[in-house]
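This briefing goes through a single protein model, topic by topic, for a reader at the bench. Please keep the sequence and the structure open alongside the text.

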Amino acid sequence: MAKQLTHLWVGIDAGKAHHRLAAVDETGAPIWSKKVPNDESAILTALGEILALSDNVHWAVDIAGTASALLLALLGARGQQAVYVPGRTVNRMSGSYRGEAKTDARDAYVIADTARLRRDFTAIDVPAQLAADLCLLTAHRTDLIADRVRLLNRLRDMLTGIFPALERAFDYADHKGALILLTRHQTPAAIRRHGQVRLTAWLKAQNVRNPDAVAASALQAARTQHVTLPGQDVAAGIVADIATQILALDDRLKQIRRTFRSHPQAHIIESLPGMGPILGAEFIVAAGDLSTYADAGHLASAAGLVPVPRDSGRRTGNLHRPKRYDRRLRRVFYLSAQTSIIREGPNRDYYLRKRTEGCKHVQAVIALARRRVDVLWALLRDDRLFTFHPPVVQAA
């Protein structure tokens, strides 16, 4: 039966332990179906069997994440490209087929037949090394930030129990010098014993900014407390350990900045007010290859910044907020726009103009974010990294 089919559509119901693959022909008839372990040799065997059936195989998968990473990489190595069929689409399409059963085999068949009927699904490209690194780092950063918040809350709680004046003296979330101080000095007696001169010299040796001010604030707090509280020595050791962990987390969080700035377009993206290394990295991960967008409007639509019409009969011009869009991409443009209005400039002027026109804060920020998409697109469209394909206009 090899090489007899003109076209073949393969649906992949991806999973962590195994995938279910199903193939259909031009008429939608099932041709091949198998449960394949998420293992390189098993996947390569299945791919060989499917590619032996037809020269033109169209692949579709319902998960474009870690569960399908190995499968997508092996497809890319074989010169094959898959499209992404959202789970919501699969769920709704399942209702149009006979029966109510819910199995992996049925889902794979629905994915394959849906890809056969629709040709507008987004293609999945195996990301470049830098984009893959940024994707992993931005996802890991979320967990690290959660750990940092937890450690800061624990640090403040422990300090309040043994040295409340020092807890009030600094904002430990944004003060690296205060955290460095806590790695060695946590009690009032220890700070008073070292004094202003020795404490300043030690902080200066640790490359703390404004060591005189940090030492003076710590010494002033130490002079307000002379009593030794129960469990103070044990708590001081815990505070020092927590402060060391927070500093180590901060160093790990800086890795995303270094990786992002190695991107060829980093300086262009950061030139847009409000777009720093963190949001810039998330933009690269969320937007992907800009050649998949015909113009700035398509990029704005993917970010949910373009209203969707809901017209019927004589009711026209009825616009509403879209429901299907990339939440991460929208977050990047919204937060960067909101940050840009802090300082005087064209962004703030445009925001204030929208407010005077009667827009609420969120509406004005979204309008500004939509405009900033055009600006960023104009900055990047002539860059060599991305190949832009302008829309084809057919003659009337």
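Is Thr187 buried or exposed? With a relative accessible area of 11%, Thr187 is buried, since the cut-off for that class is under 20%. The model is a predicted one, and the points below take up that loop residue, two further buried positions, the packing of helices and the salt bridges.

**A buried loop residue**

- Thr187 sits in the loop that runs between α7 (176-182) and α8 (188-205).
- Once neighbours within four places in sequence are set aside, the residues in contact with Thr187 are Phe163, Gln232 and Ala236.

**Asp107 in helix α4**

- Asp107 belongs to helix α4, which covers residues 104-117, and its relative accessibility of 7% places Asp107 among the buried residues, because buried means under 20%.
- The contacts of Asp107, leaving out neighbours within four places in sequence, are with Asp13, Val90, Ser94 and Lys102.

**Helix α12 and its partner α10**

- Helix α12 is largely enclosed by the rest of the structure, because eleven of its eleven residues are buried.
- Those buried residues include Glu282, and also Pro277, Leu279, Phe283 and Val285.
- Just after α12 comes Gly288, which takes a positive phi of about 70°.
- Helix α10 (residues 232-261) packs against helix α12 (residues 277-287) at an angle of about 60°, and their axes are 9 Å apart; this angle makes α10 oblique to α12, and the crossing of the two helices is left-handed.
- On the α10 side the contact is made by Ile256, Arg257, Phe260 and Arg261, which meet Pro277, Ile278, Gly280, Ala281 and Ile284 on the α12 side; by class, the residues of this contact are six nonpolar, one polar and two charged.

**Ile269 in helix α11**

- Ile269 lies in helix α11 (residues 266-270) and is buried, with a relative accessible area of 2%.
- Not counting residues up to four places away in sequence, Ile269 touches Phe260, Met275, Gly280, Phe283, Ile284, Leu376 and Leu380.
- Among these contacts of Ile269, Phe260 is also one of the α10 residues that meet α12, and Gly280 and Ile284 are among the α12 residues on the other side of that contact.
- Ile269 and Trp377 are 108 residues apart in sequence, while the distance between them in space is 9.9 Å from C-alpha to C-alpha.

**Helices α14 and α16**

- The axes of helix α14 (residues 327-340) and helix α16 (residues 361-380) come within 8 Å of each other and cross at roughly 105°, which means that α14 is roughly perpendicular to α16.
- By class, the contact of α14 with α16 is made up of ten nonpolar, four polar and two charged residues.
- From α14 the participants include Arg330, Phe333, Tyr334 and Ala337, and from α16 they include His361, Val365, Arg372 and Leu376.
- Leu376 of α16 therefore appears both in this contact and among the residues that Ile269 touches.

**Salt bridges**

- The structure holds 14 salt bridges, and the pairs described here are some of them.
- Arg154 forms a salt bridge with Asp157, in which the closest N and O atoms are 3.4 Å apart; the two residues are three places apart in helix α5 (residues 129-162), so about one helical turn separates them.
- An α-helix has 3.6 residues a turn, so residues three or four places apart point the same way.
- Both partners of that pair are partly exposed, with Arg154 having a relative accessible area of 42% and Asp157 a relative accessibility of 46%.
- The side chains of Asp120 and Arg118 meet in a salt bridge at 3.0 Å, N to O; here Asp120 counts as exposed at 52% relative accessibility, whereas Arg118 counts as partly exposed at 34%.
- Glu344 forms a salt bridge with Arg348, their closest N and O atoms being 3.6 Å apart; Glu344 is exposed, with a relative accessible area of 66%, whereas Arg348 is partly exposed, with 24%.
- Arg156, Glu167 and Asp171 are linked to one another in a network of salt bridges.

Methods
Residues are numbered from 1 along each chain as its sequence is written. This is a predicted model: local features need pLDDT of at least 70, side-chain atom pairs count only at pLDDT 80 or more; totals for chains, interfaces and linings use all residues. Side-chain values use heavy atoms; hydrogens and water are left out. Helices (H or I, at least four residues) and strands (E, at least two) are DSSP runs, numbered from the N terminus. Buried means under 20% relative accessible area, exposed over 50%, partly exposed in between (1.4 Å probe, protein chains only). Contact means heavy atoms within 4.5 Å. A salt bridge is a side-chain nitrogen of Lys or Arg within 4 Å of a carboxyl oxygen of Asp or Glu. Axes are lines fitted to C-alpha atoms, for helices over the stretch in contact, and angles run from 0 to 180 degrees between N-to-C directions. Angles under 35 degrees count as roughly parallel, over 145 as roughly antiparallel, 65 to 115 as roughly perpendicular and the rest as oblique. A crossing is left-handed if the near helix is turned anticlockwise from the far one by less than a right angle, and right-handed if clockwise. Ala, Val, Leu, Ile, Met, Phe, Trp, Tyr, Cys and Pro count as nonpolar, Asp, Glu, Lys and Arg as charged, and the others, Gly among them, as polar.
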